[in-house]
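Here is a brisk tour for a reader who has not met this structure before. Please keep the sequence and the model side by side while reading.

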Amino acid sequence: MRTTTLNEQTRSAALDAMSDDEGVDVLVIGGGVTGAGIALDAATRGLRTAVVEMQDWSSGTSSRSSKLVHGGLRYLYQLDFKLVHEALTERGRLLRTIAPHLVTAQPFLWPLKTPVIERAYSAVGVGMYDALALLGARGRSVPLQKHYSKAGALKLFPQMNPNSLVGAIRYYDARVDDARLVLALIRTAVGYGALAASRAQVTEMTKDATGRVTGAVVVDLETGESRTVRARHIINATGVWTEQTEALGGSGAGLEVLASKGVHIVVPRERINGSTGLFLRTEKSVLFVIPWDRYWIIGTTDTPWHEARQHPVATREDIDYILDHANAVLDPPIGHDDVIGVWAGLRPLLQPGTKGDAAASTKVSREHTVTEAAPGLTVIAGGKLTTYRQMAEDAVDFALGPRAETLPSVTARTPLVGAEGFDATKRRRSQIAARYGWTSERVEHLLHRYGSEIATLLEMIDADPALGRPLRTADAYLAAEVAFAATHEGVLHLEDILLHRVRLSYETRDRGVSALEEIAGIAGPILGWDAARTEREIAGYRRQAEAEMAAEHEPSDAAAEEARLRVEDLVPVRDLGPIDPDD
């Protein structure tokens with residue numbers, strides 16, 4: 001594998017290379033989990049691959065999910081066995097082979113409200129879930145279900161209201177830092193030869209005389225420079241922007257995607273007394289209460305989003321909804337004062353069929369679909385984070401056609417950066433803790449963010465011991481983590497660090513504003529910033545954080561978005577225009 005380093009230099013070199021006379025075999029549009037997975041799939045088949053993203057990597061849905069790798073237990077009750085089996089198979093691969101450092105098994109408690117009937121059908125459902133997981137993973141990757149009496153459940157989760165349950169079932173899924181998963185996919189793809197550029201937006205598609213899409217015009221949003229990338233195949237993996245992107249192909253065909261807003265809140269770990277997560281069924285869907293090292297994540301909502309798609313924001317009503325449903329089982333309850341972080345993301349919900357298909361129904365599906373919007377332009381939409389790898393394989397197979405049989409996917413057995421040697425690195429954790437004077441918790445934190453790449457961080461600290469100190473304003477993180485983001489993880493702006501690398505944007509009450517100067521002081525010199533550039537970066541992030549916090553007090557999506565959009569982006573994307581409803 002080549003170097004997996006991402007920085008300004010590798011980005012510039014990638015833009016130069018992808019726009020050379022040779023062109024690329026595959027150009028992937030979209031740097032979320034699906035696009036990143038496609039880039040890795042194509043690169044590991046030996047295809048000359050390029051991937052571009054108009055914002056930072058994972059800036060859309062893929063950094064604003066529930067951060068779960070799960071089979072979708074609720075889909076069993078919709079009898080969608082195929083979707084659940086596929087997701088549980090991918091969960092097993094991620095836990096065992098692909099990203100064991102990033103994906104962690106997580107127990108959940110399912111409170112039961114009736115003693116016999118509910119326990120019986122829930123046991124059957126969870127038992128089938130376990131059976132599908134064993135079948136898909138060809139062995140056990142997480143423990144099987146366990147039943148608890150009311151007293152036993154309250155020992156596991158003392159803060160549950162005793163009146164909200166008669167017993168419970170514990171089952172397992174897994175959790176992941178979604179943005180770090182995307183970053184690992186992109187970096188691994190680069191290691192296998194992919195050309196990757198963030199802040200690079202496709203604004204046009206080129207065609208030959210027959211109408212076949214032959215490439216795209218890519219604008220470097222950092223410099224304003226345009227360049228043409230010749231591509232034998234283009235794959236559109238832009239999630240909620242699917243229709244705007246496929247419209248550049250000019251055929252009027254493709255997939256139709258609805259945007260549904262999902263909001264999550266974050267509360268301090270000490271505010272909820274429990275040793276497991278909670279799976280709560282609501283009148284609309286489900287609510288997860290998910291434990292992380294220093295906090296709990298609670299969500300999500302599921303409401304239509306009709307505003308612009310770049311900056312979805314939470315409203316007061318969204319937060320009230322989550323608190324009300326969590327407090328239906330928590331005693332003592334939690335309130336607005338306990339909320340230290342909030343985020344909103346948009347799910348790309350796929351409408352079955354394709355545009356122009358008179359037989360298309362109005363039912364929304366969570367399964368993915370791949371189609372040809374125009375000759376040379378493949379489009380994929382739908383699905384979820386857990387099944388990104390299968391989606392990527394399907395997209396590349398579809399684009400290649402019969403040629404795929406001679407170039408099969410290998411990503412099911414391809415570890416991501418940090419996964420190779422992870423087990424051996426874990427065995428050295430006590431030695432690492434002793435050598436650097438760290439707690440076991442800090443070493444675990446580093447291992448589950450960087451895996452075997454912790455060795456690179458330790459080398460950086462050995463060369464500059466100051467990097468081994470915790471941040472003064474966010475002591476869960478080391479200065480080395482900020483430096484590593486700047487040297488290896490493709491950071492171009494201060495917001496890239498706080499939103500997607502050192503994720504203080506939702507882990508602290510002020511969205512990381514108090515840490516701005518310290519973080520800029522570490523990253524700025526590495527990135528070559530002068531005093532004026534540093535001040536622009538700090539001021540830009542501060543205004544953005546203030547706008548998002550203001551939006552949380554608004555009563556409607558329209559008012560919340562208006563509050564957010566009062567602040568202009570530091571690097572604005574080009575407007576591709578509205579979706580034509582007649583296409």
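Where does P332 lie? P332 is in the loop between α9 (316-327) and β16. The model is a predicted one.

**Backbone details**

Start with that loop. D331 and P332 are joined by a cis peptide bond, with omega at about 5°. Another cis bond runs from G299 to T300. Its omega is near 25°. T300 belongs to the loop between β14 (295-299) and β15 (303-304).

S58 shows another backbone feature. Its phi is near 70°, a positive value in a residue other than glycine. S58 sits in the loop between β2 (49-52) and β3 (68-69).

**Helix α2 and its partners**

Next comes helix α2, which spans residues 33-43. It packs with helix α10 (residues 388-400). The angle is about 55°, and the axes are 8 Å apart. That angle makes α2 oblique to α10. The crossing is right-handed.

Which residues meet there? From α2 come V33, T34, G37, I38, D41 and A42. From α10 come Y388, M391, A392, E393, A395 and V396. By class, this contact of α2 with α10 has eight nonpolar, two polar and two charged residues.

Now turn to α2 and α7. Their axes come within 8 Å and cross at roughly 25°. Angles under 35 degrees count as roughly parallel, so α2 and α7 are roughly parallel to each other. Here α2 passes α7 in a left-handed crossing. On the α2 side, the contact is made by V33, A36, G37, A39, L40 and A43. On the α7 side, L181, V182, L185, I186, T188 and A189 take part. The contact of α2 with α7 has ten nonpolar residues, two polar ones and no charged ones.

V33 and G37 of α2 appear in the contact with α10. V33 and G37 also appear in the contact with α7.

**Cavities and a pocket**

How many cavities of 30 Å³ or more does a search of the whole structure find? The search finds eight. The table sets out two of these cavities and one pocket.

| Space | Volume | Lining by class |
|---|---|---|
| Second largest pocket | about 460 Å³ | seven nonpolar, three polar, nine charged residues |
| Largest cavity | about 430 Å³ | eleven nonpolar, eight polar, eleven charged residues |
| Second largest cavity | about 90 Å³ | five nonpolar, two polar, five charged residues |

Take the pocket to begin with. The second largest pocket has a volume of about 460 Å³. It is lined by 19 residues, and the closest to its centre are W292, D293, R294, H445 and H448. Three elements, β6 (167-176), α13 (440-450) and α17 (504-507), each supply at least two residues of this lining. Which element gives the most to the lining of this pocket? It is α13, with six residues.

The largest cavity is lined by 30 residues. Nearest its centre lie R64, L499, H500, Q544 and E548. At least two lining residues come from each of β16 (341-351), α16 (494-500), α17 and α19 (531-551). Of these, α16 gives the most, with four residues.

Helix α17 supplies at least two residues to the lining of the second largest pocket. It also supplies at least two to the lining of the largest cavity. Strand β16 is among the elements lining that cavity, and the loop that holds P332 leads from α9 to β16.

What lines the second largest cavity? Its lining is H101, L102, R180, L183, A184, R187, V417, G418, R449, Y450, E453 and E489. Both α7 (178-191) and α13 supply at least two of these residues. The largest share, four residues, comes from α7.

Two helices link this cavity with earlier parts of the tour. Helix α7 lines the second largest cavity and makes a contact with α2. Helix α13 lines the second largest cavity and gives the most to the lining of the second largest pocket.

Definitions and conventions. Residues are numbered from 1 along each chain as its sequence is written. This is a predicted model: local features need pLDDT of at least 70, side-chain atom pairs count only at pLDDT 80 or more; totals for chains, interfaces and linings use all residues. Side-chain values use heavy atoms; hydrogens and water are left out. Axes are lines fitted to C-alpha atoms, for helices over the stretch in contact, and angles run from 0 to 180 degrees between N-to-C directions. Angles under 35 degrees count as roughly parallel, over 145 as roughly antiparallel, 65 to 115 as roughly perpendicular and the rest as oblique. A crossing is left-handed if the near helix is turned anticlockwise from the far one by less than a right angle, and right-handed if clockwise. Contact means heavy atoms within 4.5 Å. Ala, Val, Leu, Ile, Met, Phe, Trp, Tyr, Cys and Pro count as nonpolar, Asp, Glu, Lys and Arg as charged, and the others, Gly among them, as polar. On a 1 Å grid over the protein atoms alone, a cavity is a set of points where a 1.4 Å probe fits but cannot get out, and a pocket is an open set with protein on both sides within 12 Å along at least five of seven lines; lining residues have an atom within 4 Å of a point. Grid points are joined across faces, edges and corners, and a volume is the space filled by probe spheres set on the points.
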